[in-house]
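User: I am new to reading protein structures and would love a close look at how the strands are put together in one of the sheets. Could you walk me through that part slowly?

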Amino acid sequence: MVTRHQVGQLAIVMVVCAATMSATDIRREFKYSVGPKANISINNEYGPVTVKPSAGNQVIIGATLHSDKVEIDNNQNGNRIELKSHMLTGATPENAQVEFEVFVPADASVTVHSSTGLLHAEQLRGDLAMEGDSAQVEVRDISHAHVHLKTLNGPITLTNIQYGHVEVTSVGGNITLNSVSGPYVEVTSTTGKIRYDGDFGIGGEYKMTSHTGDIDATIPAEASVDVTARSVRGDVQNDFPLAPKSHSSFIPVPGRSLVGTAGKAASSVLIRTFSGKIRLKKR
Amino acid sequence: MTCTEFEKYLPDLIDGEARSENAAHLGECAACAELVSDLKAICSEARNLETCEPSPRVWANIQRTLEAEGLIRPVLQPGGVLAEPRRRSFGAWLLPLTALIVLGVGALVYSNRSAVSNSTTSNVGVLKPPVVVPRASQLDEFDDEQLVSQVAPSMRAAYADNLRNVNAFIQDAQEDLKLNPDDDDARHFLMEAYEQKESVYDLAMNRSAQ
């Protein structure tokens, strides 16, 4: 039977271990003043990067280094700021982790690279490019910006992206779009699933393509869309009311493809998969 | 007389006009004497060489290049036809050829500097172009293996798996295009498949470039 004394000893050991672990973390902070439309690049070999808007024209970057086996190279040339994690001798993916918290003016252009770790950006109005191998990517509350996201197999989620020029590519990661509107949205995956939930805006162009990944689109009844959906070897299921088009570039094959419009057909929606399933649902 | 002063009179010496002070220096300085001897031998051999006229095409090309650079003006015959270039002796056409070579080297240096400055400036901005990626359609299994070996060990399995999936995409798309050569969607799928492969290479090479 475990005694109260033994539990107390275990608790002390755990507290000491936690203190020891955090004692190896190194905290660094970088501050820069920039003009309008600054350019910020964060290259983090391993670890998360979070980007949020700052007040005024300040770029403030906090970096937590998990060991002394990694250092930060930083550079400012006028309106261009570049930070990069630099692995030293003896570094491993675990001890070379750096956690970046980045605050930038909302109109700044931001580029982020990381192999792992969460990549998160929100409430920005400048161009955004994020790239990671297995990194999970989350982007939300962006408007009037170019958004370019690319992963190898990391999942990508976009939420509330308005008036965007959006290009998303993941070879094996699932891609989820909630309330994402154009004028241009292009999503491509090989095996990852693509899920879209939104009204496709007014007057945009939307393309979703996959090889084997299923593609689901959940659309409100009031959406105004011109839809073409096709699966070469998979199925196409439709639960959304569409009016047939008088002219089409191909003859739809029931169960394999469909063509139709809703409302004033303001936005063009092109959904193609080679052998995945396509499902259109009414919200 | 020093050797530097002596060298001013070399052309006269070669032509056979020697001055007394030059001759005295030749008697005292073995290096200059050897130089004069070598030059005289070269001139003697050159006189015995057969004249070798370049073909008219060579002349025409040189003339066109120099006219394009604005170094010479076209010479028109009556009737508006360009005059044939004057035939020159073997040594005398060296000047325009040298000018052509100098122009070519200058253009090459300028283009290299432009390429360097373009690559430097292209690093500024959010959408900087990635590292040059080979054309996906020409990549083969060996290239894939090389790529996987370059990424971090912890990521090799993921890259290998995803390359297999992308290659399967390419293969399916190629087969579909063969069956339906007039199908726009088939072409689209193949293009997307190649772009997916380029994305994999782009990601891997960006990581290894850091």
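Analyst: Let's start with strand β4 (residues 58-65) of chain A, which pairs with β7(A) in the antiparallel sense over six bridges. Here strands are DSSP runs of E of at least two residues, numbered from the N terminus, and two strands count as paired if DSSP finds at least two bridges between them. One bridge to look for joins Ile60(A) to its partner in β7(A), Phe103(A).

A word on the model itself: it is predicted, local features need pLDDT of at least 70, side-chain atom pairs count only at pLDDT 80 or more, and totals for chains, interfaces and linings use all residues. Residues are numbered from 1 along each chain as its sequence is written, while chains are lettered from A and ligands numbered from 1 in the order in which they are written.

Now move to β7 (residues 98-104) of chain A and strand β3 (residues 49-53) of chain A: these two pair in the parallel sense over five bridges. Within that pairing, Thr50(A) has Glu101(A) of β7(A) as its bridge partner. So what does β3(A) pair with besides β7(A)? The answer is strand β9 (residues 119-122) of chain A, in the parallel sense and over three bridges. You can find this pairing at Val49(A), whose bridge partner in β9(A) is Leu119(A).

Let's step back to the whole sheet. It is an open sheet of 12 strands with mixed pairing, and its order in chain A is β1-β4-β7-β3-β9-β11-β13-β15-β17-β19-β24-β21. At its edges are β1 (26-33) and β21 (236-238) of chain A, each of which pairs on one side only. From one strand to the next, the twist averages 10°; such angles run from 0 to 180 degrees between the N-to-C directions of axes, which are lines fitted to C-alpha atoms. As you follow the side chains, it helps to know that in a regular strand they alternate between the two faces of the sheet.

Chain A also has an open sheet of 12 strands with the order β5-β6-β2-β8-β10-β12-β14-β16-β18-β23-β20-β22, again with mixed pairing. The edge strands there are β5 (70-77) and β22 (257-262) of chain A, each pairing on one side only, and the twist averages 5° from one strand to the next. Have a look inside that order at β20 (residues 225-231) and β23 (residues 267-273) of chain A, which pair in the parallel sense over seven bridges. There, Arg230(A) has Arg272(A) of β23(A) as its bridge partner.

Note on methods: Helices (H or I, at least four residues) and strands (E, at least two) are DSSP runs, numbered from the N terminus.
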